[in-house]
Amino acid sequence: HVPYVPDSPDAYRAMDQGEQTFRYRLMPHDGDRHRLSPARLADELLQPAIPLVETFHDGPLAQSGSWLSVEPSNVVLGACKRAEEAPGIVLRLAETSGRRAEGCVRLLGREIPFALEPWRIATYLIPDDPDRPVVETDLLERPI
């Protein structure tokens with residue numbers, strides 16, 4: 001259909017009018033598409049990493065590193081934030097391929113093991129004190 005051209009910019013708003021831009025990522029594969037971790041690949045396409053280039057200088061840290069990582073690849077990090085009520089960090093993990101996942105979150109030098117059933121979303125409170133246990137919580141950060 002022919003798009004309607006409004007008299008003023010605020011007169012009419014509709015989707016699919018005007019120029020549209022799309023990005024695609026083709027991932028050839030043989031066999032199970034879930035082994036590609038499509039949710040993680042989609043996140044990488046939509047939110048690419050931002051490189052920070054730095055010159056050489058003396059310092060206590062390694063030349064490269066990460067403060068947080070999640071394995072295996074069929075588990076994605078949905079949220080990472082400071083806890084509302086307790087001193088700690090809240091992580092939300094989601095299994096995205098329909099396979100049970102046993103893995104590990106590496107966060108600021110700590111290793112936090114987890115197990116997720118297929119398609120499950122889980123929220124964890126990681127206390128600032130490494131001697132306190134990691135606690136699974138509901139969406140309101142109450143212990144389960």
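This section describes the fold, nonpolar core, salt bridges and pockets of a predicted model.

The protein chain contains one helix and seven strands. Read from the N terminus, its elements follow the order α-β-β-β-β-β-β-β. Of the 144 residues in the chain, 24% are buried. Among contacts with a separation of 6 or more, 39% join residues 24 or more positions apart.

The largest nonpolar core has 15 residues, and within this core L93, V105, L107 and F114 touch the most other members. At least two residues of the core come from each of β1, β3 (88-95), β4 (101-107), β5 (110-116) and β6 (121-127). The surroundings of L93 were examined with neighbours within four places in sequence left aside. On that basis, L93 is in contact with V70, V75, V76 and L77, with V105, F114 and L116, and with R120, I121, A122 and Y124. Two of these contacts of L93, V105 and F114, are also listed among the core residues that touch the most other members.

Ten salt bridges are present in the structure. One of them joins the side chains of E141 and K81, with an N to O distance of 2.6 Å. E141 lies in the segment after β7 (135-137), whereas K81 belongs to strand β2, so this salt bridge ties together parts that are 60 residues apart in sequence. The two partners fall into separate accessibility classes: E141 has 15% relative accessibility and counts as buried, while K81 has 31% and counts as partly exposed.

A salt bridge is also formed by R100 and E102, whose closest N and O atoms are 3.2 Å apart. R100 is partly exposed, its relative accessible area being 44%. E102 is exposed, at 58% relative accessibility.

E111 and R106 form a further salt bridge through their side chains, at 3.4 Å from N to O. With a relative accessible area of 56%, E111 is exposed; R106, with 32%, is partly exposed. This pair is part of a network of salt bridges that links E71, R106 and E111.

The volume of the largest pocket is about 720 Å³. The pocket is lined by 18 residues, of which D43, E44, Q47, L68 and L77 are the closest to its centre. At least two lining residues are supplied by each of three elements, namely α1 (38-46), β1 (68-71) and β2 (75-82). By class, the lining of the largest pocket consists of eleven nonpolar, four polar and three charged residues. L77 therefore has a place in two parts of this description, as a residue close to the centre of the largest pocket and as a contact of L93.

The second largest pocket has a volume of about 290 Å³. Its lining is made up of E54, T55, F56 and H57, followed by G59, P60, L61, A62, Q63, S64 and G65. Six residues of this lining are polar, four are nonpolar and one is charged.

Technical notes. Residues numbered from 1 in each chain as written. Predicted model: local features only at pLDDT ≥ 70, side-chain atom pairs only at ≥ 80, totals over all residues. Heavy atoms only, no water. 1 Å grid on protein atoms, 1.4 Å probe; cavity = no way out; pocket = protein on both sides within 12 Å on 5 of 7 lines; lining within 4 Å. Points joined across faces, edges and corners; volume = space filled by probe spheres on them. Helix = DSSP H or I, 4+ residues; strand = E, 2+ residues; numbered from the N terminus. Nonpolar A, V, L, I, M, F, W, Y, C, P; charged D, E, K, R; others polar. Salt bridge = Lys/Arg side-chain N within 4 Å of Asp/Glu carboxyl O. Buried < 20%, exposed > 50% of the residue type's maximum accessible area, 1.4 Å probe, protein only. Core = buried A, V, L, I, M, F, W, Y, C linked by side-chain atoms within 4.5 Å. Contact = heavy atoms within 4.5 Å.
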